[in-house]
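Open the model in your viewer and keep the selection panel handy. We will go from stop to stop, and at each one you will hear what to select and what to look for there.

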Protein chains: 4
Amino acid sequence: MPRYAYLGPAGTFTEMALRQWSQTAAEEPAMVPLATVDAALAAVRAGDADGAMVPIENSVEGGVTATLDALSGGDPLVVVAEVLVPITFVLAVRAGTRREDLVAIGTHSHAWAQVRHWMEQHLPNAAYLPTMSTAEAARELAHSGGGAPFQGAVCAPAAADQHGLTVLERGVADNPNAVTRFALVARPGRIPARTGRDKTTVVLFQRDDHPGGLMAMLEQFATRGVNLTRLESRPTGEAMGQYCFSIDFEGHVDDDRVAETLMGLHRVCAGVRFLGSYPRADGVEASVAPGTTDADFVAARGWLAGIRGF
Amino acid sequence: MPRYAYLGPAGTFTEMALRQWSQTAAEEPAMVPLATVDAALAAVRAGDADGAMVPIENSVEGGVTATLDALSGGDPLVVVAEVLVPITFVLAVRAGTRREDLVAIGTHSHAWAQVRHWMEQHLPNAAYLPTMSTAEAARELAHSGGGAPFQGAVCAPAAADQHGLTVLERGVADNPNAVTRFALVARPGRIPARTGRDKTTVVLFQRDDHPGGLMAMLEQFATRGVNLTRLESRPTGEAMGQYCFSIDFEGHVDDDRVAETLMGLHRVCAGVRFLGSYPRADGVEASVAPGTTDADFVAARGWLAGIRGF
Amino acid sequence: MPRYAYLGPAGTFTEMALRQWSQTAAEEPAMVPLATVDAALAAVRAGDADGAMVPIENSVEGGVTATLDALSGGDPLVVVAEVLVPITFVLAVRAGTRREDLVAIGTHSHAWAQVRHWMEQHLPNAAYLPTMSTAEAARELAHSGGGAPFQGAVCAPAAADQHGLTVLERGVADNPNAVTRFALVARPGRIPARTGRDKTTVVLFQRDDHPGGLMAMLEQFATRGVNLTRLESRPTGEAMGQYCFSIDFEGHVDDDRVAETLMGLHRVCAGVRFLGSYPRADGVEASVAPGTTDADFVAARGWLAGIRGF
Amino acid sequence: MPRYAYLGPAGTFTEMALRQWSQTAAEEPAMVPLATVDAALAAVRAGDADGAMVPIENSVEGGVTATLDALSGGDPLVVVAEVLVPITFVLAVRAGTRREDLVAIGTHSHAWAQVRHWMEQHLPNAAYLPTMSTAEAARELAHSGGGAPFQGAVCAPAAADQHGLTVLERGVADNPNAVTRFALVARPGRIPARTGRDKTTVVLFQRDDHPGGLMAMLEQFATRGVNLTRLESRPTGEAMGQYCFSIDFEGHVDDDRVAETLMGLHRVCAGVRFLGSYPRADGVEASVAPGTTDADFVAARGWLAGIRGF
């Protein structure tokens with residue numbers, strides 16, 4: 001039975017993402033919650049897990065920096081699948097707690113960032129207390145015998161259920177359409193087959209920090225008609241203003257236009273880290289500009305061979 | 001006496017940034033700690049404070065998303081100064097606590113992100129407990145009479161002093177060169193005078209979400225020889241994959257090349273939010289490409305007037 | 001009565017172009033044939049003529065280099081109108097000459113270039129003899145009493161009529177759709193009013209001869225959404241491989257996008273020679289990309305004034 | 001013995017170019033003068049000649065359109081060598097003719113274009129009479145027993161010698177540094193070996209006539225760091241404003257950066273005609289941008305193979 005780690009504890013949206021993905025998997029996996037993204041990826045790198053489900057991008061908060069940074073360094077890992085999960089929080093309390101009893105609310109800081117305007121409006125006097133995860137807020141509230149420093153927890157519906165809490169409010173959200181994208185990460189070894197509806201993820205390191213560098217990188221995509229779907233700059237941590245770029249783009253490493261783009265990036269960047277090609281969760285077909293189909297590349301190679309043989 | 005808000009409480013690096021800036025100010029300001037970036041900016045917008053010092057970028061963690069997002073919306077505010085502060089944490093404890101007594105460490109999640117590798121190496125068994133700020137960790141540890149759920153706090157040296165804690169370790173850092181950039185934000189009204197060593201900050205909203213849009217924006221800079229110093233993509237929050245771009249670039253709105261670039265961006269973007277021109281904290285002179293000095297622009301205008309008068 | 005010079009003699013397509021244009025002129029001009037483009041332009045520069053009609057581009061042969069080069073140097077002149085004339089040659093002979101009598105054919109070298117495939121097919125044994133103009137071939141054939149070294153002339157129908165020659169073949173042409181574009185050139189002074197269906201002509205000199213220079217020039221157009229309609233490289237004559245570029249583009253110097261493009265070119269080029277804005281002969285409306293209308297420029301200037309006044 | 005055709009007659013600069021090239025050839029060729037560039041190329045295409053020397057570019061007049069157009073269509077031919085010849089005309093007369101006897105001057109129209117300012121200054125009253133070539137002017141003057149319609153010929157020194165004319169003036173030139181570039185053209189079959197100091201010539205046909213097309217083509221070069229050395233637009237002859245582009249660039253089809261550029265052009269153009277890779281006459285080494293050496297391409301391919309094998 002395959003083992004998959006995830007950013008735990010149980011009851012988080014990450015667990016939901018892993019469950020959602022498992023329904024399409026060949027074999028039901030064992031699911032192992034771990035405390036941090038780093039720990040989940042370390043388990044994969046060490047061979048203790050066959051893969052790890054981690055959050056990678058939130059439609060409200062942007063890229064999940066802990067994940068982006070953990071994938072940018074260390075032993076190579078690749079994304080082999082992505083899962084989209086709509087994010088809908090509940091406000092959970094111990095049985096008997098009323099709205100007017102709520103002096104403080106516990107939740108994870110990322111969750112708080114997504115509900116704080118709702119809170120200002122509905123519970124303007126409640127203080128925020130950070131917890132290690134949304135599920136941890138629920139657990140602490142449920143199991144500390146009333147000793148928790150907060151009276152309400154903002155968490156996933158599953159966590160409220162799991163810990164026997166009462167749901168006081170559903171749909172707690174500043175933006176009701178919030179979605180989080182999760183990535184299933186594995187050791188390199190087998191790239192998912194090309195489907196025509198794929199994405200590829202890379203991290204690009206600039207050769208020097210001069211600003212035209214980003215244009216030179218983007219030209220490598222533009223010249224081969226490859227569309228970006230996400231661009232995040234991340235500091236390399238070496239000095240203020242030195243960035244690497246975490247990029248998703250349409251297409252699969254087995255597409256000729258993607259292969260040539262990757263080689264072009266390899267030539268102009270100080271470094272390129274390939275983080276996998278995988279089917280898109282939203283199933284959108286890649287747009288392919290005129291002159292950039294595999295057939296066009298094959299024809300161009302044939303033509304070149306012909307003139308070289310002149 | 002002017003009043004300046006800052007992301008408090010007292011004892012944070014943000015307070016250090018405001019003190020550092022005050023030494024160059026005409027008049028010693030009153031300094032008002034507020035609990036969140038939103039609260040500090042709200043005080044400025046409401047006229048309760050003349051300005052607010054907030055963190056905007058960290059050399060390790062990247063852009064401070066709460067600040068970037070708070071400046072991107074709401075009533076207009078502009079950056080009028082920037083301050084660079086080296087970030088060096090201490091591990092502070094109550095008198096008598098020894099290293100082997102440390103079961104849990106309290107600090108802010110951003111601080112934890114900058115010391116977690118140090119912790120894995122030096123205190124691998126200590127758990128992390130999130131607090132509202134690094135100074136809050138120190139305060140809670142010092143003043144809860146031993147009732148805090150953690151025995152050590154990662155905080156600024158000032159916070160340890162202020163709360164009478166003992167410093168067990170100095171220079172707690174994964175990256176000893178970490179620097180945070182703080183911005184002094186004010187209501188629009190008076191742009192700091194041009195110095196030749198200036199930066200300008202904007203937020204750009206794409207007209208549509210097609211990927212070539214970023215190239216079209218960057219061309220507006222490139223055509224006028226304007227260099228970027230920071231580029232962050234931020235989700236607009238409306239749908240997965242819809243971004244705005246938070247950008248710093250060299251030069252001042254009173255430079256002709258910057259003025260024309262801004263107008264070009266205004267024409268090609270769905271929206272441009274001007275967030276100020278201000279002297280660079282590092283004093284680096286702007287690089288000006290041939291053909292992009294003010295004299296070149298003046299000459300071009302004179303030439304155009306001549307041919308129109310033909 | 002205004003005086004207009006043209007590349008003569010009478011009976012050339014240039015005369016036809018001037019007659020065609022005159023039908024729309026306020027006042028019937030006097031028409032003065034001169035032997036060379038240089039002579040026609042010199043007459044305008046000297047004030048002996050109010051304008052000169054000269055060929056500027058042929059759909060088969062490309063730019064008329066004598067005209068392009070003459071406009072690139074010397075005292076400034078500007079194009080104030082353009083005329084398109086379909087080019088249809090006749091094969092003219094003295095009365096009684098039969099096809100089998102044709103041993104040699106006289107015409108101008110540019111005309112020969114447009115009919116030589118027709119000649120290879122229909123008169124494969126006839127030699128080509130160059131003359132100063134197509135009309136001169138007709139004149140020499142008609143008036144030398146049989147002493148001309150050729151028995152047939154390739155010329156405009158008007159020239160055959162004028163000199164009393166017999167037309168043996170009509171529609172002598174390798175490409176039956178050949179068109180020549182003529183320019184009415186005048187001293188600078190009054191630019192024709194903007195019509196929304198205008199073109200502008202410039203000559204651009206590169207700052208240095210590095211090859212990226214052309215890209216930098218073209219970017220000035222692309223950034224403002226200005227479309228090129230003709231691009232000719234011309235050697236500057238100083239050294240092999242040093243070029244200037246003769247360019248026509250859509251729009252009028254009074255369009256804001258054109259004005260900013262021209263100023264941008266002035267900044268990045270070693271030199272820009274403005275050769276006029278004038279209504280297009282084909283009446284095609286300029287395509288204006290989103291964000292590049294005058295209204296967009298006005299809005300951008302207003303916005304900039306607002307933020308500068310902050 | 002190999003047979004080489006050239007644009008004759010004997011005594012032209014083209015013959016000089018072929019003689020100059022022959023000194024480096026393995027075997028002394030037979031040299032066959034033909035009347036036109038078309039005839040010389042036809043002889044090669046038909047197998048009647050092993051190659052043809054034709055003028056391709058003049059530092060004063062620009063591209064030789066007859067040659068460029070003849071190479072753009074018809075059966076494929078390739079340039080296998082280039083030769084640079086300084087152009088210095090003489091003014092030749094029959095023995096006894098004095099300067100004041102000169103009423104008319106015969107020469108080829110291209111030669112006249114290069115000397116007309118000299119003529120205006122030194123012989124302002126002499127008329128110009130076009131001839132089929134500069135050598136033909138010398139021949140006609142020498143051998144028509146005084147019956148030529150001109151008294152002086154502008155031609156190469158060799159032609160004056162050959163026909164026993166007297167040289168009245170040497171160094172007749174508007175630009176004393178004029179150089180013409182000649183190309184030795186052959187049937188496809190064997191591309192000259194790569195030397196590191198090579199050029200490649202192509203003709204590019206745009207997919208449609210929209211103006212951004214040229215930018216898209218130039219980007220294919222820029223993305224691979226390939227430098228252009230000549231760019232000529234030529235009308236396709238189909239309609240006003242439809243162009244193809246005749247381009248020389250640094251590098252050899254066996255260079256990886258050139259190969260990928262050619263394949264990229266093949267994908268984005270309606271057509272690409274390869275006209276050969278050959279050593280540069282001026283021996284200038286190709287500039288190779290960082291990331292575009294063959295070693296960089298080999299490394300990129302190896303890296304791609306590695307990640308595909310994941």
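The tour below goes from the chain arrangement to an interface, then to the cores, a helix, a strand and some charged pairs.

**Before you start**

This is a predicted model, in which local features need pLDDT of at least 70 and side-chain atom pairs count only at pLDDT 80 or more, while totals for chains, interfaces and linings use all residues. Residues are numbered from 1 along each chain as its sequence is written, chains are lettered from A and ligands numbered from 1 in the order in which they are written, and side-chain values use heavy atoms, with hydrogens and water left out.

**Stop 1: the chains**

Colour by chain and look at chain A and chain C. No contact (heavy atoms within 4.5 Å) joins these two, and their closest C-alpha atoms lie 13 Å apart. Chain B and chain D do not touch either, with 13 Å between their nearest C-alpha atoms.

Now select chains C and D. A turn of 180° with a shift of 0.0 Å along the axis lays chain D on chain C with an RMSD of 0.1 Å; the superposition is by least squares on the C-alpha atoms of residues with pLDDT of at least 70 in both copies. This is how a two-fold axis relates its copies. To find the axis, pick D:Pro130: in chain D, its C-alpha is the nearest to the axis, at 2.9 Å.

**Stop 2: where D meets C**

Stay with this pair and show the interface. Here 42 residues of chain D are in contact with 42 residues of chain C. Because 100% of the interface residues of chain D are also interface residues in chain C, the copies meet through the same surface.

How much area is buried between chain D and chain C? About 3200 Å², with carbon and sulfur atoms giving 56% of that; buried area is the accessible area (1.4 Å probe) that two parts lose on being put together, summed over both.

Next, show side chains. The rule finds two salt bridges across this interface, a salt bridge being a side-chain nitrogen of Lys or Arg within 4 Å of a carboxyl oxygen of Asp or Glu. Select C:Asp38 and D:Arg116, which form a salt bridge with their closest N and O atoms 2.6 Å apart. Several elements of chain D each supply at least two residues to the side that touches chain C, among them β3 (51-58), α4 (109-122) and α7 (212-223). The largest share, eight residues, comes from β13(D). Helices (H or I, at least four residues) and strands (E, at least two) are DSSP runs, numbered from the N terminus.

**Stop 3: the cores**

Select C:Met119, C:Leu262, D:Met119 and D:Leu262. These four touch the most other members of the largest nonpolar core, which has 125 residues. Such a core is a set of buried Ala, Val, Leu, Ile, Met, Phe, Trp, Tyr and Cys residues joined through side-chain atoms within 4.5 Å. A second, separate core of 124 residues includes A:Leu265, B:Val172, B:Ile191 and B:Tyr243.

Zoom in on C:Leu262. Beyond its neighbours within four places in sequence, C:Leu262 is in contact with residues including B:Trp303, B:Leu304 and B:Ile307 of chain B, and C:Phe249 and C:Phe274 of chain C.

**Stop 4: a helix and a strand**

Select residues 13-22 of chain D. Helix α1 is largely enclosed by the rest of the structure, because seven of its ten residues are buried. Buried means under 20% relative accessible area, exposed over 50%, and partly exposed in between (1.4 Å probe, protein chains only). Among the buried ones are D:Phe13, D:Leu18 and D:Trp21.

In chain C, move to C:Pro33 in strand β2 (residues 30-34). C:Pro33 is partly exposed, at 40% relative accessible area. Apart from neighbours within four places, C:Pro33 is in contact with C:Tyr6, C:Gly8, C:Pro9 and C:Ala10.

**Stop 5: charged pairs**

The whole structure holds 92 salt bridges over all chains. Select B:Glu250 and B:Arg280, whose closest N and O atoms are 3.4 Å apart. B:Glu250 lies in strand β14 and B:Arg280 in the loop between β15 (271-279) and α9 (294-308), 30 residues apart. B:Glu250 is buried at 11% relative accessibility, and B:Arg280 is buried at 13%.

For a pair within one helix, select C:Arg19 and C:Glu15, with closest N and O atoms 2.9 Å apart. Both lie in helix α1 of chain C, four residues apart, about one turn of the helix. C:Arg19 is partly exposed at 44%, whereas C:Glu15 is buried at 11%.

Finish in chain A, where A:Glu57, A:Glu82, A:Arg181, A:Lys199, A:Arg230 and A:Asp248 are linked in a network of salt bridges.
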